[in-house]
Each structure stands twice: as structure tokens, then as C-alpha cells.
Amino acid sequence: MSIPVSDAHAASYRARQVPDPVQVVDGVWGVPIPLDGSALRYVTVYLVDTGDGPVLVDAGYDHPACWTAFRRSVESLGHRVEAITTVLLTHNHPDHVGFAARLREVSGARVVMGRADDFATAHRTRGTFLTQLRAALDLTGAPADVVDGMYADAVAVAEHHETLRLDVALDADTEFRFGDVTIHAVPAPGHTYGHTVFHDTRGLVFTGDTMMAEGPTQLAIVSRPDDDPAGDLFRTLARIRDLGATIACPAHQFPYRDVAARADALAAFHRGEVDRVRDLAGDGLDAWRLAPRMPWRKPWDELGRGTRRFSLMHTLALLRHVTGAAR
């Protein structure tokens, strides 16, 4: 179990409550943004005080309640939203990029994210999220009625417009200097293809959705022949382990201290998943027939429809890593 930076923050997470803002180190605050009606309950963005003004890591949902909660929290920490100079986005999921454009409008902040997660780039090379999801579902071997039902469920909740324009699109390791603070952007694919972690040289790494304090990493959607998100994740975890960071700041759950050990433990867990798929795939099973045989938190028959879809996408990614070609 990971070692929390703040016992109170971790206790609130485990009690299914939204924590108060937490000071991770001097000049860095974790700011939980409540997500009303979501099973996630909150997403944590990080405010970094620098000599060039505040920098924000991730930007919550594009929802008035999220924006209001964010402004209130930033002001309670003695800062102004209008003073934020840069928004560093770990990846392009809606609970991370949500109010980035609105923040740029009020502060003039530049918005930074990995190029592979840039929406214009993704649309050109992969299609929209729903296009990618439909392609992946068709690769699973699931019956047509299951594919249609899972896709319809996704359409019903797909409120993300995928229109955010970047000021800086990252192609490789990049150093940012903000006065006395240096932050390195490190490509970290696995959860998405353009996921980025940000390594603050004071010993922090902002891990987005790549490496939580507890539990597995959801693998990216497989939609192209060369996709291998599990292989990407193993390489990413090795990079994070070797950064020398002492505190990980994930977007969910809570900040924690044992970064290298957690990276190794998470890699071992997912290698165990790969081994199980390899053993089962020898029987010629496709992702649809493999998924019920995987060790989820609940038996397959007890999983909700949305959780089954996530689990099926994860299984497809594991199978791709084993076979080199989706079945």
C-alpha cells in the first residue's frame, strides 16, 4: 500500500468524501474538484507556485460547478485564477482538459499537452473517441448486439466536444523553466497514446492517470494495427521509476511517497495480467471470451454495463500485447 503524503487526504478518499486542498510540498497544492454525480467523486488538479506565476497541472471537467469549486479553492490558497500562466495537461480525457480553454480566456495561460493527445492530431490519425471506441469494440469478438449496446451507452455519456486548441504540443522530453522552478515533460503513453507526466525537479512527478496510489491503470483503446498500450505502459513505468522522484501526484485518489516501489508493483501487476491472457489465449479465445475469465474486482456477471465496457477494452489491449494483432 502506498504511503500517503497526507493521512487526512487519504482517509477522505477511502471514506468516499471530497478532501480539502492539500499542500504537497512548499509551493505545491493538490486541489480536489468535486464531480457531482460521478463515481470518481473528484479529480485533483495541482497548483504550482513559481517565480513566473502559478502553473496548473490538469483542468477538471468543463462544468460550471467544477469551475466555481476551482476558483473558490484557488482563492482560499491566496492565489488568483487570472494569474495562472500555464496549464500542463497530462492527457485528453474530459476530466483533465475540461476548463483549460476557459482558463486561457480569463488568464491568457498557454495550454500544453502531448501531440498524440492533441484533438486535431488524434482526429486526423485515429478519429474521434467514439470512432476509436467503435473500431475497438468491433475487434473484441463480442456479439453484434453487445457491441451495439456498449457503443450506444458510450454515445449517451459522450459529452466531450474534443475542440480544445493547444498552444504547445509536445513531441518529446521537454524542459519548462518557470522562474525558480523547473518542470520536465516526459512522454508517458499507456493510459492514452499522448499521456505526459510532469517531473518537478524538487522531487515530484505529476502522474495523471498513469500511476495511482492504489489499483491498476486503465489501458488505452486499441484501434490501429500498431497499437500496444500495455507495452507502452511497461516502458512508461520504468521511466517513472528511474526519474528519482520522491512524491507522486496522481489525478485521482491521493499523493503518495513510494514512487519507485509503486511503479515496480504496478508493472508486476500488469505483467501478471499479461501472463494470464497468454495462458488463456492459447485456447484461441478472443477478448470477449477472455474478459469473463480475468480477475476483476467483482465477478463478470456482477459488473455494470459501463464497467464491462472498460474491462473489455482493457482485455483487448492485453491480448494485443500477447499476440501482436487484435483478434
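**Exercise 1. Classify Asp138, then find its salt-bridge partner and place the pair in the fold.**

*Solution.* Start with accessibility: Asp138 has a relative accessibility of 49% and is therefore partly exposed, since that class ends where exposed begins, at over 50%. Keep in mind that you are working with a predicted model.

Next, look for the partner. The side chain of Asp138 meets that of Arg134 in a salt bridge, at 3.6 Å from N to O. This passes the test, because the cut-off is 4 Å.

Now check Arg134 in turn: its relative accessible area is 26%, so Arg134 is partly exposed.

Finally, place the two. Both Asp138 and Arg134 belong to helix H6, residues 129-139. They sit four residues apart, which is about one turn of the helix.

**Exercise 2. Work out how Arg224 and Asp226 interact, and decide for each whether it is buried, partly exposed or exposed.**

*Solution.* First the distance: the closest N and O atoms of Arg224 and Asp226 are 3.4 Å apart, and the two residues form a salt bridge.

Then the surface classes. Arg224 is partly exposed, because its relative accessibility is 27%. Asp226 reaches 56%, so it counts as exposed.

For practice, try another pair. Arg165 and Asp167 form a salt bridge, with 3.5 Å between the closest N and O atoms. Asp167 is partly exposed at 36% relative accessibility.

To round this off, place these pairs in the wider picture: the structure holds 20 salt bridges. There is also a network of them, linking Arg71, Arg80 and Glu82.

**Exercise 3. Name the residues of the negative surface patch, and explain why Asp49 passes the accessibility test for a patch.**

*Solution.* Begin with the members: Asp26, Asp49, Asp52 and Asp180 form the patch.

Locate Asp49 next. This residue is in the loop that joins strand S3 (42-48) to strand S4 (55-57).

Now apply the test. Asp49 has a relative accessible area of 33% and is partly exposed. Asp49 passes because a patch residue needs over 30%.

**Exercise 4. Decide whether Thr90 is buried or exposed, and list what surrounds it.**

*Solution.* Find the residue first: Thr90 lies in a loop, between strand S5 (86-88) and helix H3 (94-97).

Then read its accessibility. At 0%, Thr90 counts as buried, because the limit for that class is under 20%.

Last, collect the contacts, setting aside neighbours within four places in sequence. Thr90 touches Val57, Asp58, His96, Gly194, His195, Thr196, Phe198, Phe206 and Gly208.

Technical notes. Residues numbered from 1 in each chain as written. Predicted model: local features only at pLDDT ≥ 70, side-chain atom pairs only at ≥ 80, totals over all residues. Heavy atoms only, no water. Patch = residues over 30% accessible without salt bridge, like charges linked within 9 Å, V, L, I, M, F, W, Y side chains within 5 Å. Areas by Shrake-Rupley, 256 points an atom, 1.4 Å probe, with all protein chains shown as cover. Lys, Arg positive; Asp, Glu negative; His and termini not counted. Charge placed at Lys NZ, Arg CZ, Asp CG, Glu CD. Helix = DSSP H or I, 4+ residues; strand = E, 2+ residues; numbered from the N terminus. Buried < 20%, exposed > 50% of the residue type's maximum accessible area, 1.4 Å probe, protein only. Contact = heavy atoms within 4.5 Å.
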